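Walk through this predicted model one element at a time. Keep the sequence and the structure side by side.

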Amino acid sequence: MSNITAIKGFEDRFSPESDQFTYIERVARDVFFRYGYTELRTPVLEHTELFCRGIGTETDVVQKEMYTFPDRKGRSLTMRPEATAGVMRACIEHGRCAPDAVTKVFTCGPMFRYERPQKGRLRQFHQLNCECLGPVEPAADAEMLIMVMRFLTAIGLTDLSLQINSLGCPSCRPAYRERLHDWLHSLPQEALCEDCRRRMETNPLRVLDCKVPGCKELTRDAPRILDANCPDCRAHFETVLRLLDKAGVPYVINHRLVRGLDYYVRTTFEVVSDKIGAQGTVAGGGRYDGLVAQLGGPQTPGLGFACGMERLALLLPERETARPDFYIAVLDEAAREAGFLLAQALRDAGFTGEMGFAARSMKSSMRQAGKSGARHALLLGSDEFAAGTVTVKNMDSGEQVALPMDKVVAALQAQ
Ligand code: HAM
């Protein structure tokens, strides 16, 4: 065996696990298309500056988690840690941020973050990601939240909690930030973790979603950002909630939900499961009205979300692999070519199945046929070959009949 193994936090995924991904992507395409999204494929490698400017230099993602390296000419490149910044770059570069137009795109593929691997947290993971550029209206936020929940229900997930908050906007957030900063300073500093003591100065909102129990307890009564929302932000949020109520989509307001990326304003949300341990957030997103302009594009509001596919897969039951229709067992060298051609004819007629490439004994062939799970074993021995027939054995009932070679396709079709 080779002693070269996969990199820590990077996974191989054989069937049936890979079938779950195929299934999730198929349902996602179906649901997202219904809401007007079309697919955009962007590169996995981008200029590092895109993520520094897009995600924020003070975020954990940019500070500690990016796979960044110089290319052969010394330019700093980064494996994308998320899709949003790249999607914005593509939309700006290709003129898809037209004023008064709505652009809806979804992407799906691998992302890379140098995090400590654990259940549901990998260094290469996969996201389904939707971005909607253009609308300022709260109906766009509600539509997106409804779509996320419809999609998660459509793949078969239940018992998820949609958590929602509003982070305000550039006109009301600075005052809240200041207030929170001062409030945090009034706490016994030594009781806060080192990260929180640093974040307090650089990005005090992030202290609210620290997972350290001591910090959580200490900040339980922190001022709430919703109370500091300006009238416009408040009205926006109230409309989003009203539309969710009317559409019958349950949610929980989570005052500590601040998200880990810097571009969010107003509505932010996460969908959480309590069934997969500490990494239970299966989707997250929100509004980012300033992001396109921050990256050099025209002032264009927008919102989006991403789902972690590995986490969705952890919540889904294993998928049953489809049963093949046939297994062709060649029992005699002379029949090999006839078996090979029969396999092609059956596949051309739409059946799935395999042929054992080597001629084997009856016992070994039947073992292979059983292992394949096929509904029918088609036996080609010297007698059959001489007579131009095939023995068709129903693997469930054990019944078998000899049929002329050119009648096998029709016989399987008749079943
Ligand atoms: P995020 O919250 O960083 O948001 O990631 C979204 C989802 O990706 C998470 O809820 C989780 O399911 C999954 N995820 C994140 N990191 C990992 C990991 N290391 N291993 C496995 N799964 C992971 C974003 O990425 C934003 N770009 C979402 C967005 C799109 N906001 C607006 N548009």
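Start at helix H7, residues 194-202. Which of its residues are buried? They are Cys196, Arg199 and Met200. Viewed down the axis of H7, the buried residues fall within an arc of 110°, so they line one face of the helix. What covers them? The cover includes helix H3 (60-65), helix H6 (173-185) and helix H8 (213-218).

Next come the nonpolar cores. The largest has 46 residues. Within this core, Phe32, Phe151 and Leu152 touch the most other members. Helix H5 (residues 138-154) supplies the largest share, 10 residues. A second core is separate and holds 37 residues, among them Ile55, Val61, Leu180 and Cys193. Return to Phe151 and look at what surrounds it. Leaving aside residues up to four places away in sequence, Phe151 touches Ile24, Val27, Ala28, Val31 and Phe32. Phe151 also touches Leu128, Cys307 and Leu312.

Now turn to the sheets. Strands of a sheet pair through backbone hydrogen bonds, in either a parallel or an antiparallel sense. One open sheet has 8 strands. In what order do they run? The order is E1-E5-E6-E11-E10-E9-E7-E8, and the pairing is mixed. Strand E1 (38-39) and strand E8 (252-253) are the edges, each pairing on one side only. Inside the sheet, E7 and E9 are antiparallel and share 6 bridges. One pair to locate is Ile164 with its bridge partner in E9, Phe269.

Helices pack on this sheet. H1 touches E1, strand E5 (103-112), strand E6 (124-133) and strand E11 (302-308). The direction of H1 makes about 0° with that of E6. Helix H10 (residues 231-247) also packs on the sheet, touching E7, E8, E9 and strand E10 (281-287). The direction of H10 makes about 160° with that of E7.

Another open sheet has 3 strands, in the order E2-E4-E3, with antiparallel pairing. Its edges are strand E2 (45-47) and strand E3 (67-70), and each pairs on one side only. On average, neighbouring strands of this sheet are turned by 35° against each other, direction ignored. E3 joins strand E4 (residues 76-79) through 4 bridges, and the two run antiparallel. Pro70 has Ser76 of E4 as its bridge partner. The hairpin of E3 and E4 has 5 residues between the strands. One residue of this hairpin, Gly74, takes a positive phi near 85°. Helix H2 (residues 48-55) lies across E2, E3 and E4. H2 runs at about 75° to E2.

Some backbone details deserve a stop. Most residues other than glycine have a negative phi, and most peptide bonds are trans. Where does a cis peptide bond occur? It joins Ser15 and Pro16, with omega about 5°. Pro16 sits in the segment before helix H1 (17-34).

Two residues that are not glycine take a positive phi. Asp159 has a value of about 55°, and Arg266 has one of about 50°. Where do they lie? Asp159 is in the loop between H5 and strand E7 (161-166), whereas Arg266 belongs to strand E9 (residues 265-272). Is Asp159 buried or exposed? Asp159 is exposed, since its relative accessible area is 57% and the cut-off for exposed is over 50%. Arg266, at 15% relative accessibility, counts as buried; the limit there is under 20%.

Finish with the domains. The domain assignment gives domain 1 as 17-172 + 229-315. Domain 2 covers 326-414. How many Å separate their centres? Taken over C-alpha atoms, the centres of domain 1 and domain 2 are 50 Å apart.

Notes: Residues are numbered from 1 along each chain as its sequence is written. This is a predicted model: local features need pLDDT of at least 70, side-chain atom pairs count only at pLDDT 80 or more; totals for chains, interfaces and linings use all residues. Side-chain values use heavy atoms; hydrogens and water are left out. Two strands pair if DSSP finds at least two bridges between them. Axes are lines fitted to C-alpha atoms, for helices over the stretch in contact, and angles run from 0 to 180 degrees between N-to-C directions. Contact means heavy atoms within 4.5 Å. A nonpolar core is a set of buried Ala, Val, Leu, Ile, Met, Phe, Trp, Tyr and Cys residues joined through side-chain atoms within 4.5 Å. Buried means under 20% relative accessible area, exposed over 50%, partly exposed in between (1.4 Å probe, protein chains only). Domain bounds come from an automatic or database domain assignment. The arc is that of the directions from the helix axis to the C-beta atoms.
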